[in-house]
Amino acid sequence: MNEPAKLCVSNQKGGVGKTTVAINVAGALNELGHDVLFVDLDPQGNATEGLGLVEEYEASPPSLFDVLTDADERTAISSLVVEHAEMDVVPSNIDMTAVEPELVLARRGGERLALALEEIEGSYDYVIVDCPPHLGYLADNALYATRNVLIPALAESTSKRALELLFDHVESLERDYEITIRERGVVANRVEETNEAREMMGWFEQAFPDIPVWEIRKRVALQRAFTAGTSVFEFDPDLDMASAFLEIGTELDEQFGRTEVRV
Ligand SMILES: Nc1ncnc2c1ncn2[C@@H]1O[C@H](COP(=O)(O)OP(=O)(O)OP(=O)(O)O)[C@@H](O)[C@H]1O
Ligand SMILES: [Mg+2]
C-alpha cells in the first residue's frame, strides 16, 4: 500500500476559510474515488461540528488530547476514528483547548501527530488536517506530519502580511526539523466582484508564480452545506463551487501522482 498523500490546511489568520476549504477539498477527493481521513486539529472543533459530529467533540477521554500528550495513549487514535458519509474523521474535542502547553513541555512535542498518524494512515489515499488559527504547536504538528500545506486566504490586502508570516514560519520549521514542507496552492476564498478582490487575485498570481492560485467565490451554499454536516458534494453536487473544489482535488491528484487510483 502506498503512503497516503498528506496535506494540512493552514493560515494563522482567523476566519479565512480553512475549515470550509478542508471539508470541501476532502469531499472533492472522496468524489474522485479516494479514501480520505480528515483530522480536526483545531480545539474550536468547527470541522467536527461541520461534519455533524458534535457529540464526539464533547465525548469523554481518551480523545485526541490524550493521543497527542500521552505516549501510552497514542494507539487510542484508532478508536477515535468516526465514519462520515464522505470520509473518516478524527474529531477534535473540548479537551484540545488545553493541549498546546502540554505539547510545549512534551518530548518531541512537535512530532506527536506524525507518530499517532502512523498507527492509522496506511489505509487511506489522503489525510487532510484542519489547523487552528495561530502558529503554535498544533500548527507545527500538522505541518510536520503532513509536509504539505494548502493555504486559504481572503482576497483582501491583510492577507499579504498573513501569508508572509506563514511562509517565514514554514521556512523556520524546515530549518529546525531539517525537513521539506511544500506549499501546494493558495485558495483565494470568499471572493466577490470588487476592485480589491480583483487586485488581490493579481497579487496572489504574481506573489506565487510557482503554485496554483484557486478561486472560491462567496456562496451561502457553502455555509448551508456546513450546517448540514457535509461538503458541497453531498449537499448539492450541481453547485458551481462543487466544480471549483473538484478542480482543486484533480490538481492535487496530479501533484501527488494519484490520478491512476481514480474510479
Ligand atoms: N466561500 C465562502 N462563501 C461564504 N461563506 C464562507 C466561505 N468560506 C467560508 N465561509 C464562512 O466564513 C466563516 C469562516 O469560515 P471558516 O470557519 O471555514 O474559516 P476558518 O479559517 O476555518 O476559521 P478559524 O480561523 O476560526 O478556524 C464560516 O461561517 C464559513 O461558513
Ligand atoms: Mg477553522
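**Group meeting: ligand 1 and its surroundings**

Let me begin with the helix α1, which gives the most to the shell around ligand 1, contributing three residues. Please keep in mind throughout that what we have in front of us is a predicted model.

Staying with that shell, at least two residues each come from α1 (18–31), β7 (182–191), β8 (213–217) and α11 (220–228), so named here as you will find them on the display. In total, 18 residues surround ligand 1, and the closest are Gly15, Lys18, Thr19, Thr20 and Arg219. If we sort the shell by residue character, we have eight polar and six charged residues, together with four nonpolar ones.

Which atoms of the protein, then, come up against the nitrogen atoms of ligand 1? In the case of Asn189, a polar side-chain atom lies 2.9 Å from a nitrogen atom of the ligand, while for Arg219 the partner is a polar backbone atom, again with 2.9 Å to a nitrogen atom of ligand 1. Gln223 takes part through its side chain, where an N or O atom is 3.1 Å from a nitrogen atom of ligand 1. Of the 630 Å² of accessible area that ligand 1 has on its own, the protein covers 84%. I would add that the largest pocket is the space taken by ligand 1.

Let me now step back to the protein as a whole. It has 13 helices and eight strands. Its radius of gyration is 17 Å, close to the 18 Å that the globule rule gives for 263 residues, and therefore the protein is as compact as a globular protein of that length. Taken along the principal axes, the box filled by the C-alpha atoms is roughly 55 × 40 × 35 Å.

Finally, I would like to turn to two points of backbone geometry. As background, most residues other than glycine have a negative phi, and most peptide bonds are trans. Where, against that background, does the peptide bond from Pro61 to Pro62 stand, cis or trans? That bond is cis, with omega near 0°, and Pro62 is found in the loop between α3 (54–57) and α4 (64–69). The other point is Arg108, a residue other than glycine whose phi is positive, near 50°; Arg108 also has its place in a loop, in this case between α6 (99–105) and α7 (112–117).

Notes. Residues numbered from 1 in each chain as written. Chains lettered and ligands numbered in written order. Predicted model: local features only at pLDDT ≥ 70, side-chain atom pairs only at ≥ 80, totals over all residues. Heavy atoms only, no water. Near = heavy atom within 4 Å. Polar contact = N/O pair within 3.5 Å; in protein donor to acceptor, adjacent residues only side chain to side chain. Areas by Shrake-Rupley, 256 points an atom, 1.4 Å probe, with all protein chains shown as cover. 1 Å grid on protein atoms, 1.4 Å probe; cavity = no way out; pocket = protein on both sides within 12 Å on 5 of 7 lines; lining within 4 Å. Sits in = over half its atoms within 2 Å of the grid points. Helix = DSSP H or I, 4+ residues; strand = E, 2+ residues; numbered from the N terminus. Nonpolar A, V, L, I, M, F, W, Y, C, P; charged D, E, K, R; others polar. Rg over C-alpha atoms; globule rule 2.2 N^0.38 Å.
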